[in-house]
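Here are a few exercises to work through with the model open in your viewer. Try each one yourself before reading the solution.

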Amino acid sequence: MSRENLGRVGVVLWLALVYTLLWGSMTLGNLVAGLLIGIVIVVVLPLPTMPVSGRFNPIAFAELVAVSTYYALHSSLQVAWLGIRPGSQPVSGVLRVRLDIQSELVLALCVDLLNLIPGTMVLEIDRDRRVVYVHVLDVGSDAAVEQFYRTTRRLERLLVSSFERRLEPETPAEEAKS
């Protein structure tokens, strides 16, 4: 069995499992219906192929999970405080971030992580230049803006070290050409 077909079988099994769990009972009818629906989805509505290159680093991934969980919890508390604190509303704004991510898949994961952090929402992605425009709830101080950029850089670094294989650095002669 080819790697592509093995992936399709995995997707069908995953969809069948999700379907069965959504019904709340593991019956033969639910399992068969889930398999049939999964097959129809994979055959009629196939996902476009996405080139996946690089490598998986489990240690960096574990750190990524821990750090992104921390950021999500910390930001939730900050957003809650901004909602109940006395005083004026926070100053919000759109910040531009250039990412040093090579893979489309890792870029999508980075955007998803930024959207999961309360108080931030990615508004636009420029895939060619690897720039994202993010609405940030609190940009009222230089410290808040710097904190956003530090958070984004740390998530980016962890994503790259978790999933990407970096290309060889350009030589000075190649850098002058670009």
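A helix axis here is a line fitted to C-alpha atoms over the stretch in contact, and angles run from 0 to 180 degrees between N-to-C directions. Keep in mind that this is a predicted model.

**Exercise 1.** Work out how helices α4 and α5 pack, and what kinds of residues make the contact.

*Solution.* Start with the geometry: α4 covers residues 104-116 and α5 covers residues 142-163. Their axes sit 10 Å apart, at an angle of about 145°. Next, the handedness: α4 and α5 cross in a right-handed way. Now list who touches whom. From α4 come Val-106, Leu-109, Cys-110, Leu-113 and Leu-114, and α5 supplies Thr-152, Leu-155, Leu-159 and Phe-163. Finally, sort the residues in this contact by class: eight are nonpolar, one is polar and none is charged.

**Exercise 2.** Trace how β1 and β2 pair with β3, and find some bridge partners.

*Solution.* Take β1 (residues 93-98) to begin with: six bridges join β1 to β3 (residues 131-136), and the two strands run antiparallel. You can check that register with two pairs: Gly-93 has Val-136 as its bridge partner, and Arg-98 stands opposite Val-131. Then move to β2 (residues 120-126), which is also antiparallel to β3 and joined to it by six bridges. Here Val-122 partners Val-134. To finish, look at the link: β2 and β3 make a hairpin with four residues between them, and Arg-130 in the turn has a positive phi of about 60°.

**Exercise 3.** Which side chains of β1 point to the buried face, and which to the other?

*Solution.* Walk along the strand and the side chains alternate. Gly-93, Leu-95 and Val-97 point to one face and are buried. Val-94, Arg-96 and Arg-98 point to the other face and are not buried.

**Exercise 4.** Classify the ring pair of Phe-56 and Phe-163, then say what it ties together.

*Solution.* The structure has six aromatic pairs. For this one, the ring centres are 5.9 Å apart and the planes are at 40°. Stacked needs under 30 degrees and edge-to-face needs over 60, so the pair of Phe-56 and Phe-163 is tilted. Now place the partners: Phe-56 lies in the loop between α2 (28-44) and α3 (58-84), while Phe-163 is in helix α5, so the pair ties together parts 107 residues apart in sequence. Widen the view, and Phe-56, Phe-61 and Phe-163 form one aromatic cluster. As a last step, check accessibility: Phe-56 comes out at 48%, so it counts as partly exposed.

Key:
Residues are numbered from 1 along each chain as its sequence is written. This is a predicted model: local features need pLDDT of at least 70, side-chain atom pairs count only at pLDDT 80 or more; totals for chains, interfaces and linings use all residues. Side-chain values use heavy atoms; hydrogens and water are left out. A crossing is left-handed if the near helix is turned anticlockwise from the far one by less than a right angle, and right-handed if clockwise. Contact means heavy atoms within 4.5 Å. Ala, Val, Leu, Ile, Met, Phe, Trp, Tyr, Cys and Pro count as nonpolar, Asp, Glu, Lys and Arg as charged, and the others, Gly among them, as polar. Two strands pair if DSSP finds at least two bridges between them. Rings of Phe, Tyr and Trp (its six-membered ring) pair if their centres lie within 6.5 Å; planes under 30 degrees apart count as stacked, over 60 as edge-to-face and the rest as tilted. Buried means under 20% relative accessible area, exposed over 50%, partly exposed in between (1.4 Å probe, protein chains only).
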